[in-house]
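Visitor: I'd like to go through this model with you, a bit at a time. Could you set out the terms before we get to the details?

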Amino acid sequence: MEIATEESTGGEVGQATAATNIQPNPWRATGWLVVFALLHVLGVFFYIAGYGGYLGAQLGAQGEVVDPVAVQAQIAEHVTQPGAMAGMYLAQFVLILPVLLLVSRFNGQTAAQTLGIQSFSMKQVMPWLGVLAVFLAVETTAARVFNIEQGEFMEMLAGSKHLLLALVLVFAAPLLEELVFRGYLFRAWRHTRLGFSGTLLLTSVLFTLLHWGQYSLAQLSFVFTLALILGFAREKSGSVLLPMLLHLGNNLAAAVLVLYLGVL
């Protein structure tokens, strides 16, 4: 399955002409990025509000007086649990994905075209899986050799064996994050003055910032490196599906090692 678009390998053909017709507009895309960020926060808010309402309804059904302070304490404890993390991400997923698909549709250009959802050469899969394997090996070795602190977030996940969170990490996260970063934003910025290098750097920085607060600075350097690999895969394949597959593979390895085997 070979692809032939201006975004695939050798995509410089007709790039100058295509740049004037590329949708989404880079500035509008940046504006929608702000909207996605707001929806990201709203997803957390709606989940917490919903859980708080659930606790209040439970107490009311039991004939107990609702103590706001006690409810807040229970919410604070709950949001640190794997189930809450899965619930919050699903809330974000439900809010962001429909909007993303809607704003990716243009006259004469489908959402699939905008997001780079298209076939790519299957010959590229094994080499890129090899690159991912090397990255995971280097990351694991560096974490052991330099005794990199894993932090509370990873310690909380270790050995939890939470199926819903595993499914979210392996399927929902790669799908949504790749469609936003290596799909929508990559398409919007690739043919601007940023070019490939600027687009790769900017989307990788934003991807890393998305994970800020979950990992230490050392771990974030690995997140940034992974984002670079995913960006290169997007450029070379001309499709968002290849980086999505690599992202899925990375998260699958993490889910098995951390969530089920408790390896940090």
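Guide: Buried means under 20% relative accessible area, exposed means over 50%, and partly exposed is in between, with a 1.4 Å probe and protein chains only. This is a predicted model, in which local features need pLDDT of at least 70 and side-chain atom pairs count only at pLDDT 80 or more, while totals for chains, interfaces and linings use all residues. Residues are numbered from 1 along each chain as its sequence is written, and side-chain values use heavy atoms, with hydrogens and water left out.

Visitor: Good. How many helices and how many strands does the protein have?

Guide: The protein has eleven helices and zero strands, where helices (H or I, at least four residues) and strands (E, at least two) are DSSP runs numbered from the N terminus. Along the sequence the pattern therefore reads α-α-α-α-α-α-α-α-α-α-α.

Visitor: And what radius of gyration does the protein have, next to a compact globule?

Guide: The protein has 20 Å, which agrees with the value near 18 Å for a compact globule of 264 residues; the radius is taken over C-alpha atoms, and the globule rule is 2.2 Å times the number of residues to the power 0.38. Along the principal axes, the C-alpha trace spans about 70 × 50 × 30 Å.

Visitor: What about burial and surface, then?

Guide: Of the 264 residues, 43% count as buried. The protein exposes about 13,600 Å², of which carbon and sulfur atoms supply 69%; accessible areas come from the Shrake-Rupley method with a 1.4 Å probe, and for residues only the protein chains shown count as cover.

Visitor: What share of the contacts join residues at least 24 apart?

Guide: Taking contact to mean heavy atoms within 4.5 Å, 79% of the contacts between residues at least 6 apart in sequence join residues at least 24 apart.

Visitor: Switching to one helix: which residues of α3 are buried?

Guide: In α3, which covers residues 68-78, Val71, Ile75 and His78 are buried. Seen down the axis of α3, its buried residues fall within an arc of 65°, so they line one face of the helix; the arc is that of the directions from the helix axis to the C-beta atoms.

Visitor: Why would residues three or four places apart point the same way?

Guide: An α-helix has 3.6 residues a turn, so residues three or four places apart point the same way.

Visitor: What do the buried residues of α3 pack against, and what is on the other side?

Guide: The buried residues of α3 pack against α2 (26-61) and α4 (82-103), whereas Val69, Gln72 and Glu77 are exposed on the other side. Alanine 76 also lies in α3, and at 46% relative accessibility it counts as partly exposed; the C-alpha atoms of alanine 76 and isoleucine 48, 28 residues apart along the chain, are separated by 9.2 Å.

Visitor: Now the far end of the chain. Is alanine 255 buried or exposed?

Guide: Alanine 255 counts as buried, at 2% relative accessibility, and lies in helix α11 (residues 241-260). Leaving aside residues up to four places away in sequence, alanine 255 touches Val170 and Tyr260. The C-alpha atoms of alanine 255 and valine 170 are separated by 7.4 Å, although the two are 85 residues apart along the chain.

Visitor: And histidine 247, what does it touch?

Guide: Histidine 247 is found in α11 too and is buried, with a relative accessible area of 2%. Not counting residues up to four places away in sequence, histidine 247 touches Ala173, Pro174, Glu177, Glu178, Phe207 and Leu230.

Visitor: I'd also like to check the backbone. Where does asparagine 147 lie?

Guide: Asparagine 147 lies in the loop between α6 (125-145) and α7 (151-157), and its phi is near 50°, a positive value in a residue other than glycine. At 65% relative accessibility, asparagine 147 counts as exposed. Asparagine 147 is one of the residues that alanine 142 touches, and alanine 142 lies in α6 and is buried, with a relative accessible area of 14%.

Visitor: How about lysine 161?

Guide: Lysine 161 has a positive phi of about 50° although it is not a glycine; lysine 161 lies in the loop between α7 and α8 (163-190) and counts as exposed at 52% relative accessibility.
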